[in-house]
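Q: Please take one part of this protein and go through it closely, setting it first in the context of the whole chain. I would like to follow how its pieces are connected, with the cut-offs spelled out as you go.

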Amino acid sequence: MMQIAALQEHLRGQGGNAAHVSRVLRQWLNALPQDAGKRRIEDYLPLRLRQDLPLFEQHLHSLVTVHSRHSAEDGSQRLLLSLTDGQQIEAVLLPRGGLCVSTQVGCAVGCVFCMTGRGGLVRQVGSAEIVAQVALARQIQPVRRVVFMGMGEPAHNLEAVMEAITLLGNEGNIGHKDLVFSTVGDARVFERLPQGPVRPALALSLHSCFDERRRQLLPKAPPLSVAELIAAAELYARSTGYPVQYQWTLLQGINDGDDELEALATLLAGKHAMMNFIPWNAIDGMPYQRPSWERAAQMANVLNRRGILTRLRRSAGQDVDGGCGQLRARAEPHRKHRNAP
Ligand code: SF4
C-alpha cells in the first residue's frame, strides 16, 4: 500500500528539494508530462532526480491501472481498477468533471444494502493510490471535483484520506469545496476535518432519522445518534461555509415513509444542508426494493416545500449494474475477503 509520504521521501532521496518534489507530483496529478511547462526540467530539476524520473513515472502509472471500463447511458463511466497487489477497486467518472474514488478495498461498515459492505474490509487504499485514481481519470477527462464516495469508509482510513485531500487541494488544482469527504459519521472525522490545512466539504450518509432503524441499516457505524451527527455536521458546515450534503439511499417500505419525511423536515430546519435522495440501485439476491421514481420525486417535493433544499439523484451507471462494489464483485467472485464472515 503506497502512501504519498513515501513518494515524497523517494524524490528527496534523489536530491529533490520541496519545490522539486511538489513540481513532480503536481505534473503527475494533473496528467501532464514531466517536461511540460515554461521551465525546462534541465534547468530546474537536479540531475540525479531527472535521471530517476522515467523509472519513477513508471512506478506512478503502475499504482492504479484500468482493468475494465463501463460506459453508462447517463454519461458516467465506471472503472474497475487494479492495484499493484492484484486487489481491485472502483472509480466513477461522473458527468461535468466529477470523479468518485475508493478509499478502501471493501468496507467494514456493512451497510445492509451495499455490495461493498457485504465482503468486509480487505485492505486500506494508500494515499498515493487514492490520488493515482485522480491522475488516471485525468488521462480520460478533466476532473474538477472529487468525491470520496466509492468503496470504503474514509473515516476508517482517515490519515491516508486526509493526506490525499491535502495534496489534491494544494497541488491537484481542485477547489477545497470540490473535495467531498463522505462518511457515515465518526467522532474522529469531526475532530480531524476542521484541522485542515485543506478542509473538504462533508457528505453524511444518514439513511434514516431514527436511531434504531439506522442501526439496522448501518450495523457497524459508530454509535452516534442522529441528533449528535447532525449537530456535529452543522458545526463543521458553519465553520467552512459549505453545506452538509446529506445522502439517503431510498429503500421501499423501509426509509421512504412519511415518518422519515416529517422527522427530516424537523431535524434539518434552518440547517446549512442539502439532502440527496438516491433510489436504491437493485442488486440481485438482496431483499430490498427501489421505491417508484414518483414516490421519490414526491418526497423531494415535500422537503423542498418545507424549506429543505433536496435533490433526487440516480446512482451513476445504473444501466451497467454499476452500484458500488458490483463490478468488483462480478470480476472476482472467488476472491477471499480477509474479514469476510
Ligand atoms: S455504503 Fe459505503 S459505508 Fe456502507 S458498506 Fe458500502 S462502502 Fe461501506
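A: What follows looks at a run of paired strands and the helices that connect them, after a brief view of the whole.

Residues are numbered from 1 along each chain as its sequence is written. The model is predicted, so that local features need a pLDDT of at least 70 and side-chain atom pairs count only at pLDDT 80 or more, whereas totals for chains, interfaces and linings use all residues.

The protein chain holds twelve helices and twelve strands, where helices (H or I, at least four residues) and strands (E, at least two) are DSSP runs numbered from the N terminus. Its C-alpha trace spans about 65 × 45 × 35 Å along the principal axes. The radius of gyration of the chain is 21 Å, which agrees with the value near 20 Å for a compact globule of 341 residues; the radius is taken over C-alpha atoms, and the globule rule is 2.2 Å times the number of residues to the power 0.38. Of the 341 residues, 46% are buried, a residue being buried if 20 or more other C-beta atoms, placed from the backbone, lie within 10 Å of its own, exposed if 12 or fewer do, and partly exposed in between.

The part to examine begins at strand β4 (residues 98-100), which runs parallel to strand β7 (residues 145-148) and is joined to it by three bridges; two strands pair if DSSP finds at least two bridges between them. In this pairing Gly98 stands opposite Arg145. On going further, β7 is joined by three bridges to strand β8 (residues 179-183), again in parallel, and here Val146 stands opposite Leu179.

The connection from β7 to β8 passes through helix α6 (residues 158-170), and the three elements make a right-handed β-α-β unit. Right-handed here describes a crossover in which, with the strands pointing away from the viewer, the path from the first strand over the helix to the second runs clockwise.

Within α6 lies Ile165, which counts as buried because it has 28 C-beta neighbours inside 10 Å. Leaving aside residues up to four places away in sequence, Ile165 touches Leu179, Phe181, Val198 and Pro200, a contact meaning that the C-beta atoms, placed from the backbone, lie within 7 Å. Leu179, one of these partners, is also the residue of β8 opposite Val146; the C-alpha atoms of Ile165 and Val146, which are 19 residues apart along the chain, are separated by 9.2 Å.

A further right-handed β-α-β unit is made by β8, helix α7 (residues 187-192) and β9. Four bridges join β8 to β9 in parallel, with Thr183 opposite Leu204. Strand β9 (residues 201-205) is mostly covered, since five of its five residues are buried. Both of its faces share in this, with Ala201, Ala203 and Ser205 buried on one side and Leu202 and Leu204 buried on the other. From β9 the pairing continues through three bridges to strand β10 (residues 244-250), also running parallel, and Ser205 stands opposite Gln247 there.

Taken in order, the bridges thus lead from β4 to β7, from β7 to β8, from β8 to β9 and from β9 to β10.

Conventions: Two residues are in contact if their C-beta atoms, placed from the backbone, lie within 7 Å.
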